[in-house]
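Reader: I am new to reading protein models, and I would like to go through this one slowly. Could we look at it together, one question at a time?

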Amino acid sequence: MHELSQYAFELPAVDDWLSGDDRILAFQVVDDNGNPVDISNATVEWSLYARAYQDDPADAVLTGSDSGVELVTDSRVDSANGGWEVRVDGEATTDLWGKYWHRPAVEQSDGTRAAWLGEVLLTA
């Protein structure tokens, strides 16, 4: 599980993802003390980019709205304690390999937003 803190915007690298394999990326949003943040009423986003500096979902290789990608914030995760997941079906990454960057983002109901960046290495 990756901790998403508003004070640490860089995520650990995901370097063991085989192209074409199913993958669950689990996240937990925490405050500056490491305590879980309730995201029950928040909107989550996730995008995979070819370049670290990209952040427009229109430029993404994959997003949460693509077929084969599911953003989970329902009863399958503990969103009251900051938990959410990105579930990627293997078919979505079949033709991808190399270095990418993923950007999870959370927007709370009051409009505050935080986003993070992490390297992803997809291997054939």
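Author: What follows is a set of questions and answers on charges, salt bridges and contacts in this predicted model.

Reader: Which residues gather in a patch of negative charge on the surface?

Author: A patch of this kind is made of residues with over 30% relative accessible area and no salt bridge, with like charges joined within 9 Å. In this model, the residues that come together as a negatively charged surface patch are Asp 21, Asp 22, Asp 89 and Glu 91.

Reader: Is Asp 22 buried or exposed, and where is it found?

Author: The relative accessible area of Asp 22 is 59%, and a residue counts as exposed when this value is over 50%, so Asp 22 is exposed. As for its place in the chain, Asp 22 is found in the loop between β2 (14–18) and β3 (23–30).

Reader: How many salt bridges does the structure hold?

Author: To count as a salt bridge, a side-chain nitrogen of Lys or Arg has to be within 4 Å of a carboxyl oxygen of Asp or Glu. One of the pairs that meet in this way is Asp 74 with Arg 76, at 2.9 Å from N to O. For the structure, the number of salt bridges is 7.

Reader: Is Glu 85 buried or exposed, and which residue does its side chain meet in a salt bridge?

Author: Buried means under 20% relative accessible area, and Glu 85 has a relative accessibility of 15%, so it counts as buried. The partner's relative accessibility is 25%, which makes that residue partly exposed. The two side chains meet at 2.8 Å, N to O, and the partner of Glu 85 is Arg 87.

Reader: Which residues are joined into one network by salt bridges that share partners?

Author: A good place to start is the salt bridge between the side chains of Arg 113 and Glu 107, where N and O are 3.9 Å apart. Arg 113, at 47% relative accessibility, counts as partly exposed, and Glu 107, at 32%, also counts as partly exposed. Through salt bridges with shared partners, one network is formed by Glu 45, Glu 107 and Arg 113.

Reader: What separates the C-alpha atoms of Ala 105 and Glu 45 in space?

Author: Ala 105 lies in strand β8, which runs over residues 98–107, and with a relative accessibility of 2% it counts as buried. Leaving out neighbours within four places in sequence, Ala 105 is in contact with several residues, including Thr 43, Val 44, Glu 45 and Arg 113. Although Ala 105 and Glu 45 are 60 residues apart along the chain, the separation of their C-alpha atoms is 5.0 Å.

Reader: Which residues does Thr 43 touch, not counting those up to four places away in sequence?

Author: Thr 43 lies in strand β4, and its relative accessibility of 48% means that it counts as partly exposed. Contact here means heavy atoms within 4.5 Å. With residues up to four places away in sequence set aside, Thr 43 touches Ala 105, Val 106 and Glu 107.

Reader: How many Å apart in space are Ala 52 and Arg 103, C-alpha to C-alpha?

Author: Ala 52 has its place in the loop between β4 (43–49) and β5 (62–63), and at 27% relative accessibility it counts as partly exposed. Apart from residues up to four places away in sequence, Ala 52 touches Trp 101, Arg 103 and Leu 117. Ala 52 and Arg 103 are 51 residues apart in sequence, while their C-alpha atoms lie apart in space by 9.2 Å.

Reader: Where is the place of Glu 119, and what separates its C-alpha atom from that of Ser 19?

Author: Glu 119 sits in strand β10, residues 118–123, and with a relative accessible area of 30% it is partly exposed. Among the residues that Glu 119 touches, not counting those up to four places away in sequence, are Pro 12, Lys 99 and Trp 101. Glu 119 and Ser 19 are 100 residues apart along the chain, and their C-alpha atoms are separated by 15 Å.

Conventions
Residues numbered from 1 in each chain as written. Predicted model: local features only at pLDDT ≥ 70, side-chain atom pairs only at ≥ 80, totals over all residues. Heavy atoms only, no water. Patch = residues over 30% accessible without salt bridge, like charges linked within 9 Å, V, L, I, M, F, W, Y side chains within 5 Å. Areas by Shrake-Rupley, 256 points an atom, 1.4 Å probe, with all protein chains shown as cover. Lys, Arg positive; Asp, Glu negative; His and termini not counted. Charge placed at Lys NZ, Arg CZ, Asp CG, Glu CD. Helix = DSSP H or I, 4+ residues; strand = E, 2+ residues; numbered from the N terminus. Buried < 20%, exposed > 50% of the residue type's maximum accessible area, 1.4 Å probe, protein only.
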